[in-house]
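Here are my notes on the complex, for your review. They are kept as numbered points.

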Amino acid sequence: MLLGLVVALGPACGHRGEPARARPRLRLWHTFNPTETEALNAFLAARGGKGAVETTLLPFQRGQTILGEVLAGGGDCPDLVRMDATWIPELARANLLSPAPADVASARLWLPEASALASDGGVQYGLPQRLDGLALIYRQATVKNAGVEWPPPTMGALLAAARRMTGGGNHGLGVRVDGYWFAAFLRAWGGELLDPATGTLGIDQPIARTSLERFSDFFGPAGIAGPPPPSGDEAQDEFRRFRAGALAVVVDGPWAVTELGGGSTDGLGVATFPPAPNGTPAAPRGAQMFVVPRCARDPAQAWALALELTAPEVQADWARRFGLVPATRGGLANAGPFVQSFYRALQVTRPLPWSPVSAEMFDDLNPAIAAVVAGDATAAEALAGVARAWTRLLERHGVHAPESPADAGVTP
Amino acid sequence: MIKRGSLTMRVLVVLALATITPTMVVGYLAIRRARDDLEREVVRGNLALIRALGSSVDGTLQSARRALDLAAASWADERTRAAAGDEAPATRRATARLLRRLRREVPLFATISIVSVDGQVLYGDPIAANENVGAHTFGGYIGDVVYEGGRPRVRVVSQARSRTGELVGVFVAQLDLRFISEALASARLGQGARLLVVDGDGIPVARSDDVPLAGATSLRADDPAVDRALGSAKEGNLESGGVVAVYRNLSSYQTLRGVRWAIILEQPTAYAYALARKTTRDTIVAGLVVLAVALVVGFLLATRLTRPLRALAERADAIAHEGGIPDDAPPAPVDAMGEIGHLAQRIEEMARRIGEREQLQAALAHGDRLATVGTMSASVAHEINNPLTTVLGYAKLLLEDKGQDHPDRAGLELISDEAARMKTIVGALLDYSRSERGHRGEPTDVNELVQRTAALLSPALKRGRVTVELDLAPHLPGAAAAPHELQQIFVNLAQNAAQAMSEGGRLQVATGLCADDVAIEVTFTDEGPGVDPALRETIFEPFFTTKEVGSGTGLGLAVCRHLVFGFRGRMEITDAPGGHGARFRVVIPIQE
């Protein structure tokens, strides 16, 4: 009976006899897609008595802006944020993120590709949640029946294979009219977006113009990718066509596996995106990170939750369910053969160059690529405009790009 | 051990187990399912409502944004055609016209501004200097909710890009969100229901109730539905604190992608599920009524079902314990349907056969007793018969020597008569003793014997003014009795009947098969005074007679019955039909 009384009174008694205060709910902001969001909510609901977590879905498109404003303001500060790895440098240099405690940072055996993206200036700010990047996702039977050289060692081999698998209403390669995708082809043809070290732009170089012209040809009447769908429907259009067998190969990341396979990876294969002629990986690599803002109310609990969410068994579970590539060795070991093959493909990728304008680069690059694909502008015209925009952005951040010898001098 | 009255309970238990219990279980499951279905319908209906409202909000925002996009594209084209940075008067006039048209087409725009790529306001309403609308935009967007004078507004941003995709300016408009409140207010809500639209921080943007929006704080910590809605990427429902809520995150809409709003409909479960609960309650009440009726009907059916069985049980008890069924016993349910009627018929038949067997056994016992008497009598008669013959012979010799007037003649005649009577009695005793058990000879034609007897007695009967009527069943099987014994019985019974009808009358003799087809019956029905019921057993006793002293030996019926028992038959006496006269019935086994 005495024990029962103690147990009954225990929760009502706090330190020094003061009433116990309810621990504030942890605030988790994230950019998960709808399926992952539901899985996250289920995970948090299953945690039971480990403390309530208030989750907020952050729109990816404006995520960095919203985060920057909120973290700088400090009012409605989240305790933990799951975000794109490319957002770390700017937020970290604005002193808005907490470095990961040493014991937390070393609590997992991170994959080196993910770990490298979690740091800025030698300080680890994030706990990697998953590894991202572009690779070739294909139908094994289609590729085998086509009798093409596979996996394609070069961009020429990839395009030849895609050409061979194009015909009869089907297309050999699924590509998005998007700067992120264009960057992979640009680098595979030997170009680059910019040199972050010097601020030199690569987007206005001849190789970039040539690359954009060739990229634009993918979507022409005789192209290997077919005409692009209306803006906003690119992803769903690609999923539909691939599931229907109208696309043999798509250039996409692990985030698209669930939709591409219709919930199953049977019959699907993953191959490396061809590297640059000099052997340098061309496809961009990224990662998703858990970070703790400096304004977090309960950083210790936030890091503890981040460790829970990056536990190898959780990552392996999500890998098997959604095709996502874990960021830990333990998670990868139990992720299944398909995801492990995706990881091998992502090993031949390279992060995009980071600069203060990284987040804004695609804001200008995407409309320019769309204008060229639509035939509204030449590659030279469009990329010249991009170069002007990027120069302006760099100057706003105090980076002055050297005069580009290849500037076509096109005025808007 | 006999447990009386338990059958009804058993039938009721069986009814309960076989029908009522499954009905209750199935009914419970059906009620539960119906309730769940109705509750699901409520949730589905509410979800449909907020989908429609979300779609309406999306449509309005989409129209506004499309108008802004078109204006931005038009302005970008115009500006691209002009020299870079040249704000010529014509361009200014054209831009002013464009803004006026835009305000006219989208009255919801509270402010409209055109901002340069450097963040400077070129045209329209002023924008606060700290609002960085030109960077970090990833294209056009709909921003978070801001409150201007206590009214929620949202910023809509469209990038003005040239033909080549280059950014030449940004259109920024403040959209008044009153239209959402108006849409919520026009929604037809159920009793006690309220609609909420909250921003990404959980602060109400619009609501259907009368709570003012100004100064509103976040509902995330207070309202689980708000919390769930903002944490979800889709739609869903939850029940908490007596409130059922459905929610939808508006970022799921095409136009609103990136917008962190949610729409929530909340309603107390008492109202939301009122129909479901009323239906459940009504169904339970109706079910209980039906159950009560079923129990009553079941009890009546059980009682009705077991009543004939109880009657049968009572009759069986009477047979077992009392040797027969009393007159006040309930009637046998031989007319009951199905097996019970069949069982009753068989029990009645069994009872009748048992009765007959007991009668036969009694008769046999009586016959054994008489046989003992007969054996003794035969022995005595045999010893007496010789001296009696001598006495009778000498009496007759002495009479022959005595004249009619001889004084000893009267004495000698008395000796002779009494000796003759004694000899008759002795002869009868000898007949009685000589009867045999069973019949081992040829089957006897009863009809022929009856006819022969009638012919034999015809003269004597005519003298007594007795007419004989024969009613002989054709094709009777052969009887298992000796013909001379049968004839002796028939003669005796016919003579008794004639003697009973001293004034003459009609003697009916009928033959036929018994009901069970195992024996032949022969009846002698007279029109005499009948036999007193009290004497109907005694008249078969030896030396019992109702005739005048000296006119009968009192052995006739005893001999008849003795003979009948001899061939395992039966003999009984009843009143004649109509109650006038007596009927003797002789049952004779059929020769197998």
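1. B:Arg568 counts as partly exposed, because it has 19 C-beta neighbours inside 10 Å and a buried residue needs 20 or more. Its phi is positive, about 65°, although B:Arg568 is not a glycine. The residue sits in the loop between helix H11 (556-566) and strand E14 (570-575) of chain B. Bear in mind that this is a predicted model.

2. Chain A has a residue of this kind in A:Asn95, a non-glycine with a positive phi near 60°. Is A:Asn95 buried or exposed? A:Asn95 is exposed, because only 12 or fewer C-beta atoms within 10 Å are allowed for that class and A:Asn95 has 10 others. Its place is the loop between H4 and strand E4 (97-98) of chain A.

3. Check the peptide bond from A:Trp150 to A:Pro151. That bond is cis, with omega near -5°. A:Pro151 belongs to the loop between helix H7 (140-146) and helix H8 (155-164) of chain A.

4. Confidence comes next. For the complex, the predictor gives an ipTM of 0.81 and a pTM of 0.65. Chain B has a mean pLDDT of 82. In chain B, 89% of residues reach 70 or more.

5. Now chain A as a whole. Its secondary structure comes to 18 helices and 15 strands. Of its 412 residues, 51% are buried. Take the contacts in chain A between residues at least 6 apart in sequence: 71% of them join residues at least 24 apart.

6. Helix H3 (residues 60-73) of chain A deserves a look. This helix has 14 residues. From first C-alpha to last it reaches 20 Å, close to the 20 Å expected at 1.5 Å a residue. Even so, H3(A) carries a kink of about 25°, centred on A:Ile66. A:Gly74 follows the helix, and its phi is positive, near 80°.

7. Which residues of H3(A) are buried? They are A:Arg62, A:Gly63, A:Gln64, A:Thr65, A:Ile66, A:Leu67, A:Val70 and A:Leu71. So A:Ile66 is both the centre of the kink and a buried residue, by the cut-off of 20 or more C-beta neighbours within 10 Å. The cover over the buried residues of H3(A) includes strand E3 (80-84), helix H4 (88-93), strand E14 (284-293) and helix H17 (358-374) of chain A. Strand E3 (141-148) of chain B is also included.

8. At the interface, 33 residues of chain A are in contact with 32 residues of chain B. On the chain A side, helix H2 (34-46), strand E2 (53-57), H3, H17 and helix H18 (379-396) each supply at least two residues. H17(A) gives the most, with 8 residues. By type, the chain A side divides into 12 nonpolar, 10 polar and 11 charged residues.

9. The largest nonpolar core has 199 residues. Those with the most contacts inside it are A:Ala135, A:Ala184, A:Leu383, A:Trp390 and B:Ile264. Helix H1 (residues 6-81) of chain B provides the largest share of this core, 13 residues. Apart from this core lies another, of 41 residues, including B:Ala482, B:Leu486, B:Ala497 and B:Val509.

10. What does A:Trp390 touch, leaving out residues up to four places away in sequence? The partners are A:Leu194, A:Leu201, A:Ile203, A:Val357, A:Met361 and A:Asp364.

Methods. Residues are numbered from 1 along each chain as its sequence is written. Chains are lettered from A and ligands numbered from 1 in the order in which they are written. This is a predicted model: local features need pLDDT of at least 70, side-chain atom pairs count only at pLDDT 80 or more; totals for chains, interfaces and linings use all residues. Helices (H or I, at least four residues) and strands (E, at least two) are DSSP runs, numbered from the N terminus. The expected span of a helix is 1.5 Å times one less than its number of residues. The bend at a residue is the angle between axes fitted to the seven residues ending there and the seven starting there. Two residues are in contact if their C-beta atoms, placed from the backbone, lie within 7 Å. Ala, Val, Leu, Ile, Met, Phe, Trp, Tyr, Cys and Pro count as nonpolar, Asp, Glu, Lys and Arg as charged, and the others, Gly among them, as polar. pLDDT is the predictor's confidence in each residue, from 0 to 100. A nonpolar core is a set of buried Ala, Val, Leu, Ile, Met, Phe, Trp, Tyr and Cys residues joined through C-beta atoms within 7 Å.
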